[in-house]
Amino acid sequence: MALTLTVSLLLGAVALLVCAVLGRRRRRDGEPPLEQGWIPYLGLALEFTRDPQAFLLSCQQKNGDIFTVYLAGKYVTFILDPFLYQFVIQKNKQLDFQEFAMDLSSKVFGHPHLNDPKIPVSNEQLHKLYNYLQGKELNNLIESVMRNLNHRLNLEQLKSTEWKTDKLLDFCYRTMIEVSFASLYGTSPCDEQKQISELMQKFRKFDKMFPYLVAKIPIKLLWNTKRIREDLINYFISRELDGRLNMAFVIEKRKEFLEQHKYLQDHDIAAHHFALFWAAVGNTVPATFWAMYYLMKHPEAFTAVRDEIDHVLQSKDQGLAPVFNIRLSKEDLDSLINLGSAINETFRFCSASMNIRVSQEDFTLKFQEDRRIQLRKGDCVAIYPPLVHMDPEIYNHPEVYKFDRFMENGKEKTTFYKGDKKLRYYLMPFGSGSSMCPGRYFAINEIKIFITLILGIFDIEIVKEEKLIKQDINRAGLGILHPNSEVCFRYRLRQGRKI
Ligand code: HEM
């Protein structure tokens, strides 16, 4: 009996392998070099996820700047030459992002697919509302973040000049989740400290599972993630949102838009809100963590950024303003050039979002002159910015953190070269073209406000570091990388500050 079972299993495995070998794609004329590995379905996914950067560089050595890799059931054509990015980004009709993004988002956050014939709610119209994350509405958002962050820091009960010790990532999560939730979704007329603290804990648990959900592992196999996701969605149902005060205009309009469609249930709308909330904090929190961490690790950067902050605070008569009542405008934040450069340098180090497009038809992707490739319908095309961010031809000693790398003559530096050619795409934490993050200005200002208030109000330093903090590459391709462990830090009110 046991022998029969073993033989059957063996035969099954052989049959699978034979099918996989026979089903292997054959490269056609004009198609890029193909790397498909031998493992059925997975292809080279394990090699890729182990160290994407090293894997892509080794493929580049073998095949040049354009090649196709079979990854978890998908053929992905990587374009590694940054001078070719624009040809991918411009082709937004044949190389689509929205369908792919909606598909992913609906699986991860549990909301219905928009643009579905059964749910004819226009994703395009929903996207137009993201314009309210810019212009005049951005100024209002900045004001809200200032107000809410001052309030949040005041709650930390730091009334004396005694040191208080904390964990940096935890501190960033606690603070940014509360401040972002209040600034976007408004504040409750009642005390909601307990609920917000639960929201933060659940958000972190869900976020830990995010890479697995993106990898399409069924949510049922991920312990209690489905229940946690439901709990999180419940924060956004209309009953909870209706009574909130000072909701951001972008959310108010989005809520109105979603609620006018009878095809969407309350739960569906809430899941859409949750997806946006995740987008708003999922990357901003780790980016803030790294920006603070690098500043604390590099005293010359810390001093330059703090001097600049003090200068702006003083010039705006905020230097002696009571702590926890600091108010700065967008123009004031724009004038923080050292800080802006330090944040860009942080993005260069830690952002690893892969820009993906899906080919809508068999077609020829033309680059300059007679360079072109054939693509098949359903195949993906990918740009992987970390390779540009770490390219020694573009950034001198790319492995070294230089807070002033993105400034020149007292202004933001925007000219970078590879060889002797000027680059259009040298820093891409926020995606590109049709997939460009609509919250990018809000995110940068939020990080600036956080650092301005923390450095303006507190003395702050890393306490002890037993081991070197590294990036956890488990999120490579998905956004800002997380640290592989916590960092202990301490802070106290700066001497000479009024309370
Ligand atoms: C440091 C912080 C942030 C980073 C690094 C970041 C990065 C990105 C990236 C790379 C994408 C494109 C995704 C892709 O190509 O698959 C994206 C999309 C998006 N981001 Fe952000 N983001 C940040 C903060 C924010 C904030 C604060 C908001 C909103 C308030 C936001 C809202 C969105 C939305 C709604 C999308 C989807 C857009 C679409 O479907 O076309 N993001 N973000």
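User: Where does Ala-45 lie?

Analyst: Ala-45 is in helix H2, which covers residues 45-50. Keep in mind from the start that this is a predicted model.

User: Is Ala-45 buried, exposed or partly exposed?

Analyst: The way to decide is to count neighbours: 20 or more other C-beta atoms within 10 Å make a residue buried, 12 or fewer make it exposed, and anything in between is partly exposed. Ala-45 has 18 C-beta neighbours inside 10 Å, so it is partly exposed.

User: Which residues is Ala-45 in contact with, leaving aside its neighbours within four places in sequence?

Analyst: Those contacts are Leu-71 and Ala-72. For a separation in space, take Ala-45 and Asp-170: they are 125 residues apart along the chain, and 32 Å separates their C-alpha atoms.

User: Now the whole chain. How many helices and strands are there in the protein chain?

Analyst: The protein chain has 19 helices and 19 strands. Its radius of gyration is 24 Å, and the globule rule gives 23 Å for 499 residues; the two values are close, so the chain is as compact as a globular protein of that length. Along the principal axes, the C-alpha atoms fill a box of roughly 75 × 55 × 50 Å.

User: What percentage of the 499 residues do buried residues make up?

Analyst: Buried residues account for 35% of the 499 residues. Contacts give another view of the chain: of those between residues at least 6 apart in sequence, 75% join residues at least 24 apart.

User: How do I read a sheet? In what order do the 6 strands of the open sheet stand?

Analyst: The general idea is that strands of a sheet pair through backbone hydrogen bonds, either parallel or antiparallel. In this structure the 6 strands of the open sheet follow the order E1-E2-E3-E10-E7-E4, with mixed pairing. Strand E1 (34-35) and strand E4 (95-96) are at the edges with a single partner strand each, so each has one side without a neighbour in the sheet.

User: In which sense do strand E3 and strand E10 pair?

Analyst: Strand E3 (residues 74-79) and strand E10 (residues 380-383) are parallel, and 3 bridges link them. To find the place by eye, look for Thr-77, which is opposite Val-381 in E10.

User: Which way do strand E8 and strand E9 run, parallel or antiparallel?

Analyst: Strand E8 (residues 363-366) and strand E9 (residues 372-375) run antiparallel and are joined by 4 bridges. Phe-363 has Leu-375 in E9 as its bridge partner. The two strands form a hairpin with 5 residues between them, and Glu-369 in the turn has a positive phi of about 50°.

User: What should I make of the sign of phi?

Analyst: Most residues other than glycine have a negative phi. Lys-216 is not a glycine, yet its phi is positive, about 65°. Asn-409 also has a positive phi, near 45°.

User: Where is Asn-409 found?

Analyst: Asn-409 is in the loop between strand E11 (407-408) and strand E12 (411-412). Asn-409 counts as exposed because it has 6 C-beta neighbours inside 10 Å. Lys-216 is in a loop between helix H9 (193-214) and helix H10 (225-234). With 12 C-beta neighbours inside 10 Å, Lys-216 is exposed too.

User: Which residues does UniProt list for "binding site"?

Analyst: The unreviewed UniProt entry lists Lys-107 and Asn-283 under that name. Lys-107 is in helix H5 (residues 98-109), and with 15 C-beta neighbours inside 10 Å it is partly exposed. Apart from residues up to four places away in sequence, Lys-107 touches Leu-213 and Lys-216.

User: And Asn-283: is it buried or exposed?

Analyst: Asn-283 has 24 other C-beta atoms within 10 Å, so it is buried. Its place is the loop between H13 and H14. Asn-283 touches Gly-479 and Ile-480, again not counting residues up to four places away in sequence.

User: How many residues surround the ligand?

Analyst: The ligand is surrounded by 22 residues, and Asn-283 is among the closest, with Gly-431, Cys-437, Gly-439 and Ala-443. Several elements supply at least two residues of this shell each, including helix H14 (284-297), helix H19 (440-457) and strand E17 (478-480). H13 gives the most, with 3 residues. By class, 13 residues of the shell are nonpolar, 9 are polar and none is charged.

Key. Residues numbered from 1 in each chain as written. Predicted model: local features only at pLDDT ≥ 70, side-chain atom pairs only at ≥ 80, totals over all residues. Near = placed C-beta within 6 Å. Nonpolar A, V, L, I, M, F, W, Y, C, P; charged D, E, K, R; others polar. Rg over C-alpha atoms; globule rule 2.2 N^0.38 Å. Contact = placed C-beta atoms within 7 Å. UniProt positions renumbered as here; feature names shortened; annotations may be inferred. Pairing = 2+ DSSP bridges.
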